[in-house]
Amino acid sequence: SFSPGITHIPLVDENNIYLSTIIKPDNFDESYKTALVIMAGGLGSRMGNLTKKIPKPLIHLDEKPLIVHIIEKAKSYGFNDIYIVVNYLGHKIKDYLKDGNEFGVKIKYIDESKKRGTAGSMDANVLKNYDFLLLTNSDVISELDFRSLFGFHCSRQNDFTMAVKQFSIKCEYGVVETEGFSILNFSEKPVRVDYINSGIYILNKNIIKLIEKEEIIDIPELCLRSINKGYKTEIYPFTDDWHDVGNQKKLKEINDIFKNKSN
């Protein structure tokens, strides 16, 4: 529980390296008008024959479609307005989810007549009345607390927040640190720690205005444009479970993880 006057608790590892921040739940103002946007227009080509007849968001993970996992999670955090960007086999997503009544949410669709990148369709008229948009890829499954993410975004007064996941890579060899031909030091099998883009973002409505009419633009490019225009653009590091269901191998691995959890 939070002590009086405390709204943020930083998390660090055993070496006191910052990992993420826990935000007091009521740090998020309920009066803000928000919507979840699920980017579900991709071809899903990395899934091979699995996406020849159905779009990737409808591939089952643990006995339910990927996109249903996302919708149910969003519903649990109070998101009722959901917009789904559709293109490839989009009619099948519409037929399955319909208006969202079955899931206790209101679902509307943004039809792409042509590919506009991961950010292009955010300029749709139906989204212009929202203060904030929570964007997520349709193949990202995570335990990220959306309310904590929003609390961070609001308390930091951000315009653009990108949720990032810590990712470690261990080198199998001893690394020689050099300057020119000179040896400075040795690192035995060092671990490199980076932040990777999780495919989950919060955008203020002023960021949406940076998208030009009919422009083809991806989220990373929009992020850099936000920075260049002087908007406050930050990362939100998180430690929760996160999975990118990128291909058939990853799908099998994540299915096995879900099965082990249920046993």
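These legends go with four close-up views of a predicted model. Local features need pLDDT of at least 70, side-chain atom pairs count only at pLDDT 80 or more, and totals for chains, interfaces and linings use all residues. Numbering starts from 1 along each chain as its sequence is written, and side-chain values use heavy atoms, with hydrogens and water left out.

**View 1. The largest nonpolar core and its best-connected members.** This core has 43 residues, and Ile-67, Ile-84 and Leu-97 touch the most other members. A core here is a set of buried (under 20% relative accessible area, 1.4 Å probe, protein chains only) Ala, Val, Leu, Ile, Met, Phe, Trp, Tyr and Cys residues joined through side-chain atoms within 4.5 Å. Helix α1 (residues 66–76; a DSSP run of H or I, at least four residues) gives the largest share, six residues.

**View 2. Around Leu-97.** Leaving aside residues up to four places away in sequence, Leu-97 touches (heavy atoms within 4.5 Å) Ile-67, Val-68, Ile-71, Ile-84, Phe-103, Ile-107 and Tyr-109.

**View 3. The second core.** Separate from the largest, this one has 26 residues, including Met-39, Ala-119, Leu-203 and Ile-217.

**View 4. The second largest pocket.** About 260 Å³ of space lies in here. Of its 15 lining residues, His-69, Lys-73, Ile-141, Ser-142 and Glu-143 lie nearest the centre. A pocket is an open set of points on a 1 Å grid where a 1.4 Å probe fits, with protein on both sides within 12 Å along at least five of seven lines; lining residues have an atom within 4 Å of a point. Helix α1 turns up again, with the largest share of this lining, four residues.

Conventions:
Buried means under 20% relative accessible area, exposed over 50%, partly exposed in between (1.4 Å probe, protein chains only). Helices (H or I, at least four residues) and strands (E, at least two) are DSSP runs, numbered from the N terminus. Grid points are joined across faces, edges and corners, and a volume is the space filled by probe spheres set on the points.
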